[in-house]
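Reader: Hi! Could you walk me through this one over coffee?
Author: Happy to, let's pull it up.

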Amino acid sequence: MSILEVRNIEKHFGATQVLNDISFSLEQGQALSIIGSSGSGKTTLLRCLNFLEKPDGGTISVKGNMIFDASDPATQLEKEIRTKRLHFGLVFQNFNLFPQYTALQNVTLARELLAAERGGESKEAIEAAGRELLAQMGLADRANHYPHQLSGGQQQRVAIARALALHPDILCFDEPTSALDPELTGEVLRVIRNLAEQNTTMIIVTHEMAFARDVADQVIFMDGGVIVEQGDPREVIDHPKEERTRQFLSRYSEN
Amino acid sequence: MFLTVIGALNEGFLQTLKLFLVTLIGAIPLGLVVSFGSMSRFTPLRWLTRTVVWVIRGTPLMLQLIIIFYIPGQWLDRSPWPGGETGRFMASSIAFIINYACYFSEIYRGGIQSIPVGQQEAGMVLGMTKRQIFFKVTLLQMIKRIVPPMSNEIITLVKDTSIARIISLQEVIWAGYAFLKGSHGYSGLTWPLFFTGVYYLVFNGGLTLLFGWVEKKLDYFR
């Protein structure tokens, strides 16, 4: 059984259709890369999975449970959306760290709030887990720094630790290196690569083609709100079948 | 003579201070409610709130004071306000709270809307409730941004309290002016009136230091 099943997702903004009949599935422990030019609908798709946008059609299932069905309002109750979101983690292009909290507090805040609500973990345990995650990101010595005292690459790694702290089933990355200069891109990609090696289930929207090919088990190429081509990364990226995919990729091989 | 004047001015300034504090205590939270109303997704509520804010900010506080104090008495058989200084203070407090809540609400609205939507989305994907996002994520960032405009408005409030004189609230300028006309057996004294200015200056000096300190306290993040 796939960990994630997305079926026939549709999304319109006014008269513009931004997602058209999007279907794919993802297996536990696999990494999926979504590539495509700006405006192709990649980010909107991630936002739909994280309930930041509501699809106009289609279904989303996690571990065999239907968590969203556009035709069934019972799957869209406001109070349940919050828990459903926890299946997914999202790392933003612009990090969106909370500026008034230290790196460690950014990582522990949400988990502490959940623990206060549901009981369970002690503050100390959460903090220890947070430090562990930061260490894993190579930021052990930055735990007490505030976001503005960190480089973009460091901020993004804190954001990854923050998303991991809630143990999402599927971790989503929305162009995680697009706001970084090339020097800082490497350190963030390295961290994501490590996560892939540890079989973290991930969806990565990215413009880094070489990275997508190396890390992903599956690649989706999107254009104009539809999936043009999907499959093994070596197939899609090295031997694309569709003309549109070839056109898109040729722009990358030129530079 | 000096002590008599100072005693009378102190008494007046106490009234000024009371009105100032009551206004803050009422208008700071009420302003938040008004700002939520003016940002509501429910259109009739949004327009109603914005219309109220427009009327209150668009007309003089002095006019609002006069209306609140005198008009109910004209329409009802007798004035709803208790007699003497108590009634005048109550009417002043209500007029000031409503007026300042409207000004504060616009400052809050600007503060809230200046926070990038990504902050809220980050909270949402981390499973926080709207309430938690407001109190744990947005509020402090908003406070940091509104300290400078709020300090401006609060310093204006200190001086605006003198407008309550129009319904004979015996605040500090009233007390100083009384010596010009005759008070405590003195008449024609001009210096007590100028002296009231010292009270405002000293008090606002203190507030300026306080707000500077708050700004510095919030300097640890950007």
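**Where the chains meet**

Author: Across the interface of chain B and chain A there are 10 residue pairs in polar contact, both at pLDDT 80 or more; such a contact is a pair of N or O atoms within 3.5 Å, within protein one able to donate a hydrogen and the other to accept it, and residues adjacent in sequence count only if both atoms are side-chain atoms. This is a predicted model, where local features need pLDDT of at least 70, side-chain atom pairs need 80 or more, and totals for chains, interfaces and linings use all residues. Residues are numbered from 1 along each chain as written, chains are lettered from A in the order written, and side-chain values use heavy atoms, without hydrogens and water.

Reader: Which part of chain B gives the largest share of the side that touches chain A?

Author: That is α5(B), with seven residues; helices here are DSSP runs (H or I, at least four residues), numbered from the N terminus.

Reader: And how many salt bridges between chain B and chain A?

Author: One, meaning a side-chain nitrogen of Lys or Arg within 4 Å of a carboxyl oxygen of Asp or Glu. R47(A) and E121(B) form it, at 2.7 Å from N to O.

Reader: New topic: how are the rings of Y100(B) and F104(B) arranged?

Author: Their centres are 5.9 Å apart and their planes at 65°, so the pair is edge-to-face (centres within 6.5 Å; planes under 30 degrees apart are stacked, over 60 edge-to-face, the rest tilted).

Reader: Are those two, Y100(B) and F104(B), buried or exposed?

Author: Both Y100(B) and F104(B) are buried (under 20% relative accessible area, 1.4 Å probe, protein chains only).

Note on methods. Helices (H or I, at least four residues) and strands (E, at least two) are DSSP runs, numbered from the N terminus. Rings of Phe, Tyr and Trp (its six-membered ring) pair if their centres lie within 6.5 Å; planes under 30 degrees apart count as stacked, over 60 as edge-to-face and the rest as tilted. Buried means under 20% relative accessible area, exposed over 50%, partly exposed in between (1.4 Å probe, protein chains only).
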